[in-house]
Amino acid sequence: MGFFSNIDIEAYDRQYTDRQLIAGMWIYFRPHLRRLLLIALLLVVIASAAAALPIIVARGVDVVQTTPTTLTLLLLGGAVFLSGVIVWATNWWRRRLTARVLGDVVMTLRTEAFRAAANHDLSFYDKFSSGRIVSRITSDTKDFGDVVTLLTDVTSQFAQALILGVVLFSINVRLTLYVLAFLPLLFIAASSLRQVMRGVTRRGMQAMAKVNANIKESIGGIAVAKNYRQEAAIYEEFDNANRVSYRVNVQRGFVLSIVFPLLNALGGLGTALILYLGGMNVVEGVVTAGIWYLFLSSLDRFFFPILNLAAFSAQVQAGLSAAERIFALIEAEPVVIQVDALPAPRLQGDVCFSDLCFSYNNVEQVLDHFSLHIHAGESVALVGHTGAGKSSIARLIARFYEFQSGSLTIDGRDIRTFDLSGYRRQLGIVSQLPFLFSDTVAENIRYARPDASDDEILQLGRQIGGGEWLETLPQGLDTEVGERGGRLSMGQRQIVALMRVLVQNPAIFILDEATASIDPFTEWQIQQAIHLVLSRTTSILIAHRLSTVRAVDRIIVLDHGRIIEEGNHNALLAQGGHYATLYNTYFRHQSLAYVEEARHLAQE
């Protein structure tokens with residue numbers, strides 16, 4: 001197990017039997033039944049034409065021995081040529097249809113895998129690497145498609161062997177039984193290694209997924225790595241994952257390399273036996289030379305499908321393992337579960353937590369019998385030390401996580417009864433580090449409402465600082481923001497994210513304020529944007545700015561998942577409690593009085 005100790009198996013992975021895998025695959029192939037039937041018919045034609053070739057040659061050998069005329073040779077050559085043309089033409093048609101069906105199936109499978117990944121709640125991504133999920137959606141679906149193509153080829157070969165078997169029985173039962181006697185040995189040898197091959201192939205794909213995840217994380221954090229001169233460290237981490245993948249695949253190669261030589265040796269033994277026994281029958285006059293040739297050539301056609309399947313067992317097992325991993329992703333049980341899917345009307349934004357308990361992964365209680373009522377249209381700031389439960393409250397309202405007990409209602413209705421997609425359309429959420437897609441400013445703003453016009457965006461944009469922030473953009477709304485918004489300043493990203501909410505016009509606004517320092521003018525513009533949103537929605541703000549806590553209707557002070565104080569800014573300061581301590585620690589230095597006092601002390 002030393003080779004495989006560094007390979008992570010996802011908790012949602014499961015092992016399927018071959019019957020379960022076939023049943024799962026059939027669900028995706030069933031809509032293409034008509035094409036599949038035509039492909040099956042073409043496979044029969046291919047197998048029949050290919051099986052006819054050694055029969056024609058064998059009969060031709062006997063005929064040529066008795067009547068070696070030019071016409072006989074021409075007819076023999078024409079029959080062989082016609083058989084080849086039929087095999088080529090039908091095989092081309094079959095491959096074309098197979099490519100179309102397989103393309104549709106892989107597209108559907110990839111779409112469903114991506115949909116399943118996109119629909120999973122955030123707790124799923126807390127536990128599982130996004131890089132490995134990407135590997136399942138891309139690499140595994142490709143491997144699945146490759147194995148289906150391979151299996152159609154092998155199916156044609158098996159059909160050809162079956163047709164030849166019937167012909168051989170009709171000619172000489174004893175020699176046919178000699179041929180068939182070796183098939184069980186080949187099947188036993190191949191099937192005995194099947195589970196081993198499946199296992200090492202699955203581990204190889206898991207190792208490759210870990211490499212993909214490492215690359216994704218390293219490239220995503222390359223700026224941080226360069227800032228701290230950690231290029232060597234991320235290279236070493238990648239090199240370790242890559243070496244594990246290398247060792248796993250070498251081990252896999254060792255296992256797979258046993259199969260083909262073993263089956264080939266058995267096939268050689270069978271050929272030698274038929275060569276001897278058939279030759280003796282020819283000498284004794286039991287069979288003709290042509291029939292002897294037919295049995296020898298047919299032996300290869302019997303063994304070839306099994307040898308071919310064994311030779312490509314790596315791809316076959318990769319495809320089956322890929323199907324397992326894709327189905328496991330699609331069928332992974334969600335943590336956030338809606339008990340109903342009632343349409344969400346236009347929400348008023350009345351939010352009520354009642355005796356609610358919540359923990360991440362059932363490890364540590366974050367909210368313990370928590371109760372809070374936020375009235376419709378009210379703005380509330382959540383403040384407290386790290387780990388107090390501020391972000392958890394916001395995530396539960398957004399239904400990113402599932403609470404364990406108690407209730408959470410929106411406008412008096414259980415939050416778990418809403419159609420989740422319709423409910424979330426009425427939420428406007430801005431995270432602490434706003435994420436922008438690699439597109440223009442305008443497209444990022446209208447992300448939640450694609451029908452928003454440029455004029456509407458400009459009109460709203462001019463309400464923020466007189467629209468001066470628009471003038472700082474090189475091409476205005478058509479400015480490309482770059483990957484993750486890297487071409488914009490942090491302040492510009494925050495304004496774009498707030499503009500996205502303004503255009504959306506949600507019923508409930510959730511803001512996790514950024515902690516990064518920005519210049520006073522941009523700070524003023526951001527506050528204007530926040531005030532515009534506050535005037536239209538029920539707002540829950542995880543506050544890091546003094547200007548924000550002063551502007552809200554109510555401040556909720558949290559400590560280890562409990563509300564210990566609440567009120568407005570001045571009233572809480574007057575109490576001299578926990579909020580006053582937080583103010584002096586986090587907020588006081590942002591006040592104008594503090595700046596003036598510091599300036600005065602500096603002058604002295």
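Arg399 sits just after helix α13 and takes a positive phi of about 60°. That's in a predicted model, so read as such what follows about α13, the nonpolar cores and the protein as a whole.

**Around α13**
- Helix α13 covers residues 390-397, and 6 of its 8 residues are buried, so call it mostly covered.
- The buried ones are Lys390, Ser392, Ile393, Ala394, Leu396 and Ile397.

**The nonpolar cores**
- Nonpolar side chains tend to be buried together in soluble globular proteins.
- Here, the largest nonpolar core takes in 44 residues.
- If you want its best-connected members, look at Ile445, Trp469, Met499 and Ile555, which have the most contacts inside that core.
- Helix α18, residues 490-504, supplies the largest share of this core, with 8 residues.
- There's also a second, separate core of 33 residues, and Val380, Leu382, Ile397 and Tyr401 are among its members.

**What Trp469 touches**
- Leaving out residues up to four places away in sequence, Trp469 touches Ile445, Gly461, Ile464, Ile495, Val496, Met499 and Gln525.

**The whole protein**
- The protein has 23 helices and 10 strands.
- Of its 604 residues, 46% are buried.
- Take the contacts between residues at least 6 apart in sequence: 78% of them join residues at least 24 apart.
- The accessible surface comes to about 30300 Å², and carbon and sulfur atoms account for 59% of that.

Note on methods: Residues numbered from 1 in each chain as written. Predicted model: local features only at pLDDT ≥ 70, side-chain atom pairs only at ≥ 80, totals over all residues. Heavy atoms only, no water. Core = buried A, V, L, I, M, F, W, Y, C linked by side-chain atoms within 4.5 Å. Buried < 20%, exposed > 50% of the residue type's maximum accessible area, 1.4 Å probe, protein only. Helix = DSSP H or I, 4+ residues; strand = E, 2+ residues; numbered from the N terminus. Contact = heavy atoms within 4.5 Å. Areas by Shrake-Rupley, 256 points an atom, 1.4 Å probe, with all protein chains shown as cover.
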